[in-house]
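Student: Hey, can we go through this one together? I'd like to start with the strands.

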Amino acid sequence: MADHYDVLGVDRNASADDIKRAYRRLARELHPDVNPSADAAERFKLVTHAYDVLSDPQQRQQYDAGPQQGFGGFGGFGDIFETFFGGAAAGARGPRSRRERGQDALLRVEVDLDEVVFGTKRDLEVDTAVLCETCAGSCCAPGTSPVTCDICHGTGSIQRTVRSLLGNVVTSNPCGSCRGYGTIITDPCPTCAGQGRVRARRTIPVDIPAGVDTGLRIQLPGQGEVGQAGGPAGDLYLEIKVRHHDVFSRNGDDLLATLQVHMADAILGKHVTLNSLDGPVDVELKPGTQSGEVITVKDRGITRLRGAGRGDLRIGVHVVTPTKLSRKEEELIKQFAAKRKDDPPQLAHFQQGLFAKLRDRFLNL
Ligand SMILES: [Zn+2]
Ligand SMILES: [Zn+2]
């Protein structure tokens, strides 16, 4: 497992802001929408996981503290303590429990943009470890129970006295016979092979709130993998991916769209009714509408994930110049041009325009 700090390219004293900045920079480079290579996808996962851990102060503290040394490990605080202070500490520890908290699970969920406008409900099929119903997590065949280990007499550890320069010291190691549990299962449950849990598919109803965006993770506590020996389940995370939409794009809570307007309508103005993601929207093109103008329809964007209200629908106007003219039409346009006496084409003030903003939308992540 790569070091989370190395993955993000920050040092161990990095501030929360440094970590956020590093994540944004890497996400821009590696996000599947931007970089479709498999290698980038793998790195994006690592980067996202590293960010999840390091952006949460409690998880970061745990990570910095390093893995908690369990049985069978080398070194670690417990061993040093016991080496110098003898059996008292070893006795206080006692045998280890078979029950362990299960792991978190991750499920990717794709949603359409129109589902994001108001939120949606899904029945999701989840494949995780669940409690074994035959043994209810005891790991034992029905009618049997674990027997006390006769090597360690149920303590889970073996003490040895070793002579050293400091005198006699007592070392404590996990019992190899029972692996530190203090008991042995002589008749494992046949359904789960003594694991206390089995894999199963189940369907869970899930509310996906309005305003979610690609990369967002929704946490469902206790819906992850059930632990060994029926230990408490980890959490299930839903990672959202919003599918591409051909007509509407998104900038924060605003929806963006392009409206093609014929030249004559742009000149004379027109009332149009458009099909938005949530029904018809009336738009007034005023006479003399320019290409690149943005018409804002208030409160017809995406319902905000946090807080109330909706974003806006922003419609960029694209004036279409006719390409095929009949002889009659050409004559009319020539007459029109002759009447106008407009200035010839000339360079004007530079405009970034709506479409550049569309392209940059990911950078506002
Ligand atoms: Zn079982
Ligand atoms: Zn034992």
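Tutor: Sure, one term before we start: two strands pair if DSSP finds at least two bridges between them. This is a predicted model, where local features need pLDDT of at least 70, side-chain atom pairs count only at pLDDT 80 or more, and totals for chains, interfaces and linings use all residues. Residues are numbered from 1 along each chain as its sequence is written, chains are lettered from A and ligands numbered from 1 in the order in which they are written, and side-chain values use heavy atoms, without hydrogens and water.

Student: OK, so which residue in S9 is the bridge partner of Arg217?

Tutor: Glu239 in S9 is the bridge partner of Arg217. Strands S8 and S9 (residues 236–242) pair in the antiparallel sense, over four bridges.

Student: What order do the strands of that sheet have?

Tutor: The order is S1-S9-S8, in an open sheet of three strands with mixed pairing. S1 (105–111) and S8 (217–220) are the edge strands, each pairing on one side only. On average, neighbouring strands here are turned by 25° against each other, ignoring direction (axes are lines fitted to C-alpha atoms, for helices over the stretch in contact, and angles run from 0 to 180 degrees between N-to-C directions).

Student: And what order does the sheet of four strands have?

Tutor: S10-S11-S15-S14, again an open sheet with mixed pairing. S10 (249–251) and S14 (294–297) are at the edges with a single partner strand each, so one side of each has no neighbour in the sheet. Here the average turn between neighbouring strands is 35°, direction ignored.

Student: How many bridges link S10 and S11?

Tutor: Three, and S10 and S11 (residues 254–262) pair in the antiparallel sense. Asn251 stands opposite Asp254 of S11.

Student: What joins S12 to S13?

Tutor: A hairpin, through two residues. S12 (residues 270–276) and S13 (residues 279–285) pair in the antiparallel sense over seven bridges, and Ser276 has Gly279 of S13 as its bridge partner.

Student: Switching topic: how many helices and strands does the chain have?

Tutor: Ten helices and 15 strands (helices are DSSP runs of H or I with at least four residues, strands are runs of E with at least two, numbered from the N terminus).

Student: At what angle do H3 and H4 cross?

Tutor: Roughly 100°, and the axes of H3 (residues 38–54) and H4 (residues 57–65) come within 6 Å. H3 and H4 are therefore roughly perpendicular (65 to 115 degrees; under 35 is roughly parallel, over 145 roughly antiparallel, and the rest oblique). The contact (heavy atoms within 4.5 Å) is made by Asp52, Val53 and Leu54 of H3 with Gln59, Arg60 and Tyr63 of H4. Those contact residues divide into three nonpolar, one polar and two charged (Ala, Val, Leu, Ile, Met, Phe, Trp, Tyr, Cys and Pro are nonpolar, Asp, Glu, Lys and Arg charged, and the others, Gly among them, polar).

Student: Last thing: is Ser157 buried or exposed?

Tutor: Ser157 counts as buried because its relative accessibility is 9% (buried is under 20% relative accessible area, exposed over 50%, partly exposed in between, with a 1.4 Å probe and protein chains only). Ser157 lies in S4 (residues 157–164). Leaving aside neighbours within four places in sequence, Ser157 is in contact with Cys152, Ser172, Asn173, Pro174 and Cys175.

Student: What percentage of the chain's residues count as buried?

Tutor: 33% of the 365 residues.
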